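Work through the exercises below with the sequence and the structure side by side, and try each task before reading its solution.

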Amino acid sequence: MATTQRPHRRRLVVLLAVTFGVVAALVGVGLYGLVLAPSPDAVAPTNDPTTPASAPGASTPAPSRTALPAILSTTDAEAFARDAADALITWDTTEFELTDYAQVVVDAGDPSGFETAALASDVRSYYPTPDAWAQLRTYGTRQWLTFDDVFIPASWDDALEQGAEDDLLPGTIAYTISGTRHRAGVVGTDAQETSRPIAFTLFIACEPSFDECHLLRLSEVDNPLR
């Protein structure tokens, strides 16, 4: 795996911060559209499985599988973007722990470790809090993504045209995902399902910087590059 040392000025975040002021899109700290858990004794249970209200007497389902699949190893940036996006959004509270899903995405990051902490922060913003996760599990809540479009944003082309050659790792590209986020669960004996549009951008580096594609950063949820 090619992991040669590179100056900090060549990193993706530097170019975008200087050229377009899109630091907010790269920090990835937004929680828009994700459910956060209120205090369990402050909210009564509802009929919405995506709302992490307490469910007295509900048991916690045990994980049913032993390992999550890794994100696709490939030199095809679009195929990697699709698989990484699916891994990021798709989860099932009855099968694995919250940290298991997050770790799969982080493991697809820059093998040099340079962006690991920043990517981990981005990834955390896409998931419910640990308390919310525990409460969602009482409803057997699961989430998945359906794709509407996967494309290289026009603003990324502008960045490549205006940026200096050494500002980006060779093979760096951005893909914006637009689609629908679905959630389903069971409240009492009633199956419930909700859905909403979702959009975000993945920043990826492939050959010749690496032997296969790796995830560098994520935009905020619903604050993608266009």
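**Exercise 1: the sheet**

Strand β2 (residues 142-151) and strand β3 (residues 172-187) pair in the antiparallel sense over nine bridges, where strands are DSSP runs of E of at least two residues, helices are runs of H or I of at least four, both numbered from the N terminus, and two strands pair if DSSP finds at least two bridges between them. The model is a predicted one, in which local features need pLDDT of at least 70 and side-chain atom pairs count only at pLDDT 80 or more, while totals for chains, interfaces and linings use all residues. Residues are numbered from 1 along each chain as its sequence is written, and side-chain values use heavy atoms, with hydrogens and water left out.

Task: identify bridge partners in β3 and β2, then place the strands in their sheet and find its edges.

Solution. Begin with β3, where H182 is the bridge partner of W144 and T176 stands opposite F151. Next take β1 and β2, which pair in the antiparallel sense over two bridges; here R142 in β2 is the bridge partner of D92. The five strands then form an open sheet with antiparallel pairing, in the order β1-β2-β3-β4-β5. The edges are β1 (91-92) and β5 (214-218), and because each has a single partner strand, one side of each is left without a neighbour in the sheet.

**Exercise 2: a helix pair**

Task: describe how α4 and α5 pack, and state which residues meet.

Solution. Helix α4 (residues 98-106) packs against helix α5 (residues 116-124) at an angle of about 135°, with the axes 10 Å apart; axes are lines fitted to C-alpha atoms over the stretch in contact, and angles run from 0 to 180 degrees between N-to-C directions. That angle makes α4 oblique to α5, given that under 35 degrees counts as roughly parallel, over 145 as roughly antiparallel, 65 to 115 as roughly perpendicular and the rest as oblique. On the α4 side A102, V105 and V106 meet T116, L119, A120 and V123 of α5, contact meaning heavy atoms within 4.5 Å.

**Exercise 3: a salt bridge and two backbone features**

Task: locate the partner of E78 in a salt bridge, and then inspect the backbone at P208 and D222.

Solution. E78 forms a salt bridge with R82, their closest N and O atoms being 3.5 Å apart; the term requires a side-chain nitrogen of Lys or Arg within 4 Å of a carboxyl oxygen of Asp or Glu. Both residues lie in helix α3 (residues 77-89), four residues apart, about one turn of the helix. Turning to the backbone, the peptide bond from E207 to P208 is cis, with omega near 5°, and P208 lies in the loop between β4 (190-205) and β5. Finally, D222, in the segment after β5, has phi near 65°, a positive value in a residue other than glycine.
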